[in-house]
Amino acid sequence: MPSTQHLLLKQLLTAATGPLARRRPRLPAMRLAFELLSIGQLMPWNVFLEDADVEGMAAEWVRPAGAAPGRVLLYLHGGGYVLGSLNTHRALVGSLAQRCGVQALAINYRKAPEYPFPAALDDALLAYEWLLTQGFAPQNIIVAGDSAGGGLALALLLALRDSGRPLPAAAIGLSPWTDLLLPATVLRRAAQEEIQVLEALEIRSWGPLYAAETALAHPLVSPVQAPLHGLPPLLIQVSDAEVLSDDVVAFVQKARAAGTPVTLQVFEGLVHWWHLFWRFVPEARVALDRVAQFTREVWPAPAAADCSLGRRAA
């Protein structure tokens, strides 16, 4: 059963859902609101930030004190491919990096509708290749993301595999958006709870903004549509109350059938993006701790050979 803190959060979100659904705020207003909400976020203690320039793309190093050198978490933030930034996810990335004991690189990839597909994927590929040029070996990189960023992380794996380039050690999807088609059955189930109505309607409009001239069923837009063989170990977390839940489970089942090792962790009754509320919601902290455990299973011993390279890259 969800915690009292989560129930309070859900009540607050539910109270806001009705007015927002009636007013239907425009995308610029939603972007601004999301940025303003991030102002109150505080970084975890002893986590340090440094601006980075990834071939002209704004990015940010997030470095916990005592982080293992030579290893990095490449983080792709969520926001339906149309909003979100380094600001909105900075505290989440900091908490995740600290728990995992590694440095993270977060990137500000381009957003739709100004920059539709494949702009975000191109930026993710650019960041991954840039890390390689900085001395990080593929086996010392884990790609992670939430919501649309989780879907983008999976699309990155597919693009790397299909082009024959080296794959990272693993990937992590926190409620990843795997199918931009959003079948009607998903929307009917989502409509049973008011908290999900606005979410479903907005996501349904954001998908076409991102895909633009590309079919929503394109495998690099909707990773569940792709062949899922030959991928590194995956950790997927989702709540059974999310709009995306059924699609995520379908992705996991297809990936497992293709021989890809997948760890699926399902949480009960939580709203989408619950990870962002890690300071307030205990289930979010549990989820991030489980991510950290997964990274320790992928990387069971401290990096040795790449330590000097990692320090130079840092």
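Which residue in strand 4 is the bridge partner of Glu-60? In this model, which is a predicted one, the partner is Ala-106, and I would like to start from that pair and work outwards through the sheet. Glu-60 and Ala-106 are bridge partners in a setting where strand 2, residues 57-64, and strand 4 run antiparallel and are joined by four bridges.

Let me go on to the helices that lie against the strands. Helix 3, which covers residues 86-100, lies across strand 1, strand 2, strand 3, strand 4 and strand 5, and its direction is at about 35° to strand 2. Helix 5, residues 148-162, also packs on the sheet, where it touches strand 3, strand 5, strand 6 and strand 7, and the angle between its direction and that of strand 5 is about 145°.

As for the sheet as a whole, it is open and built from eight strands in the order 1-2-4-3-5-6-7-8, with mixed pairing. Strand 1 and strand 8, the latter at residues 262-267, stand at the edges, and because each has a single partner strand, one side of each is left without a neighbour in the sheet. From one strand to the next, the twist averages 20°. As a reminder, strands of a sheet pair through backbone hydrogen bonds, in either a parallel or an antiparallel sense.

Now to the helices themselves, beginning with helix 2, residues 27-37. Leu-27, Met-30 and Phe-34 are buried in this helix, and they lie on the same side of helix 2, because the arc they cover around the axis is only 60°. Pro-28 and Leu-32 are exposed, and these two are on the other side of helix 2. The general background is that an α-helix has 3.6 residues a turn, so residues three or four places apart point the same way.

Helix 9, residues 282-298, offers a check on geometry: with 17 residues at 1.5 Å a residue it should span 24 Å, and the C-alpha atoms at its ends are 25 Å apart, which agrees. Its buried residues include Glu-283, Leu-288, Val-291 and Phe-294.

In helix 8, residues 245-257, we find Gln-253, and why does Gln-253 count as exposed? It does so because its relative accessible area is 53%, and the cut-off for exposed is over 50%. The C-alpha atom of Gln-253 is separated by 9.7 Å from that of Leu-264, which is 11 residues away along the chain.

Finally, some backbone details that I would ask you to look at in the structure. Most residues other than glycine have a negative phi, and most peptide bonds are trans. Asn-46, in the loop between helix 2 and strand 1, has a positive phi near 65°, and with a relative accessibility of 37% it counts as partly exposed. Ala-212, found in the loop between helix 7 and strand 7, likewise has a positive phi, here of about 55°, and its relative accessibility of 41% makes it partly exposed.

There are also cis peptide bonds to point out. One joins Ala-112 and Pro-113, with omega at about 0°, and another joins Phe-117 and Pro-118, with omega at about 10°. Pro-113 sits in the loop between strand 4, residues 102-107, and helix 4, residues 119-133, and Pro-118 lies in the loop between strand 4 and helix 4 as well.

Terms used
Residues are numbered from 1 along each chain as its sequence is written. This is a predicted model: local features need pLDDT of at least 70, side-chain atom pairs count only at pLDDT 80 or more; totals for chains, interfaces and linings use all residues. Side-chain values use heavy atoms; hydrogens and water are left out. Buried means under 20% relative accessible area, exposed over 50%, partly exposed in between (1.4 Å probe, protein chains only). Two strands pair if DSSP finds at least two bridges between them. Axes are lines fitted to C-alpha atoms, for helices over the stretch in contact, and angles run from 0 to 180 degrees between N-to-C directions. Contact means heavy atoms within 4.5 Å. The arc is that of the directions from the helix axis to the C-beta atoms. The expected span of a helix is 1.5 Å times one less than its number of residues.
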